[in-house]
Amino acid sequence: YSMLFKSIRKRFLIPFLLSLLCFGFFSNPLLGQTSDEKTFVVVLDAGHGGKDPGAIYYGVKEKDIALDVTLRVGKILENNPEIKVSYTRKTDVFIELIDRPKIANKEDADLFISIHCNGAKSAQAYGTETFVMGLSRSAANLEVAKKENSVILLESNYQEKYKGFDPNKPESLIGMKLLQEEYLNQSIDLASKIETNFVSSNKRYSRGVKQAPLWVLDASYMPGVLIEL
């Protein structure tokens, strides 16, 4: 378990760290206010946690890799005095999906980054992909959205909290409102830079930038991406 975890972490962590550090989005005026106006606030969201393990591969759980990467990214970003880093979780705890964007909104964040490790039924699938909020344009994207939104079903009283939203029903996903529509272009720009850097600087295979109706991005009021490492 330990050796497998370290191997997976090495493959996913180092390229992702380089991606965040190399493309210089903190000085990009399109992605929020500049440091002259206020500290640039980044909220890092480690996907899953607690009773929600996420994808599992030979005992290695997505929630552990996501948390490990998130904390390491945060530690590097915290070395920049112009950046304030906040986290949705820093330990192995279950955070309800509805609360993750609320944390970013409360922090008045300039950027929201949710970190995950995608799973697939096919052992031939590989590569990175970065999602932004939007209507799903393919069956595969819809399946990712259903999987990532399905954590809602682990929450108590989810029918009341999510007003009848059912992550298993396509009509619920398609009917989600684009609350962060004004930030969509900025999110796409950031996602494109992340995926481009995965390829150019880290020799990774990119599955591209995709749009999907992801609750955690829909409810956050700032540019945001969900990265599947």
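1. A residue is called buried here when its relative accessible area is under 20%, and by that criterion strand β6, residues 128–133, is mostly covered in this predicted model, with six of its six residues buried. The cover extends to both faces of the strand, since Thr128, Thr130 and Val132 on one side are buried, as are Glu129, Phe131 and Met133 on the other.

2. The neighbours of β6 are worth checking alongside its burial. Strand β7, residues 206–212, runs parallel to β6 and is joined to it by five bridges, and within that pairing Thr128 has Ser206 as its bridge partner. Strand β8, residues 224–228, pairs with β6 in the antiparallel sense over three bridges, with Phe131 of β6 standing opposite Leu226 of β8.

3. Helix α7 covers residues 184–200, and its geometry can be tested with simple arithmetic: at 1.5 Å a residue, its 17 residues should span 24 Å, and because the C-alpha atoms at its ends are 24 Å apart, the model agrees with that expectation.

4. Which residues of α7 are buried? They are Leu184, Gln186, Ser187, Leu190, Ala191, Ile194, Glu195, Asn197 and Phe198. Seen down the helix axis, these buried residues fall within an arc of 165 degrees, and they therefore line one face of α7. The spacing is easier to read with the general rule that an α-helix has 3.6 residues a turn, so that residues three or four places apart point the same way.

5. Two backbone conformations deserve a look from anyone preparing this model for further calculation. Tyr58, which lies in the loop between β2 (56–57) and β3 (60–61), has a positive phi of about 50 degrees although it is not a glycine. Its relative accessibility is 69%, and because values over 50% are classed as exposed, Tyr58 counts as exposed.

6. Asp108 is the other case: its phi is likewise positive, near 50 degrees, in a residue other than glycine, and its place is in the loop between α3 (99–106) and β5 (111–116). Because its relative accessibility is 48%, Asp108 counts as partly exposed.

7. For the chain as a whole, the model contains eight helices and eight strands, and buried residues make up 50% of its 229 residues. Among contacts with a separation of 6 or more, 80% are between residues 24 or more positions apart. The chain exposes about 11200 Å², of which carbon and sulfur atoms supply 53%.

Notes: Residues numbered from 1 in each chain as written. Predicted model: local features only at pLDDT ≥ 70, side-chain atom pairs only at ≥ 80, totals over all residues. Heavy atoms only, no water. Helix = DSSP H or I, 4+ residues; strand = E, 2+ residues; numbered from the N terminus. Expected span 1.5 Å × (residues − 1). Buried < 20%, exposed > 50% of the residue type's maximum accessible area, 1.4 Å probe, protein only. Arc of directions from axis to C-beta. Pairing = 2+ DSSP bridges. Contact = heavy atoms within 4.5 Å. Areas by Shrake-Rupley, 256 points an atom, 1.4 Å probe, with all protein chains shown as cover.
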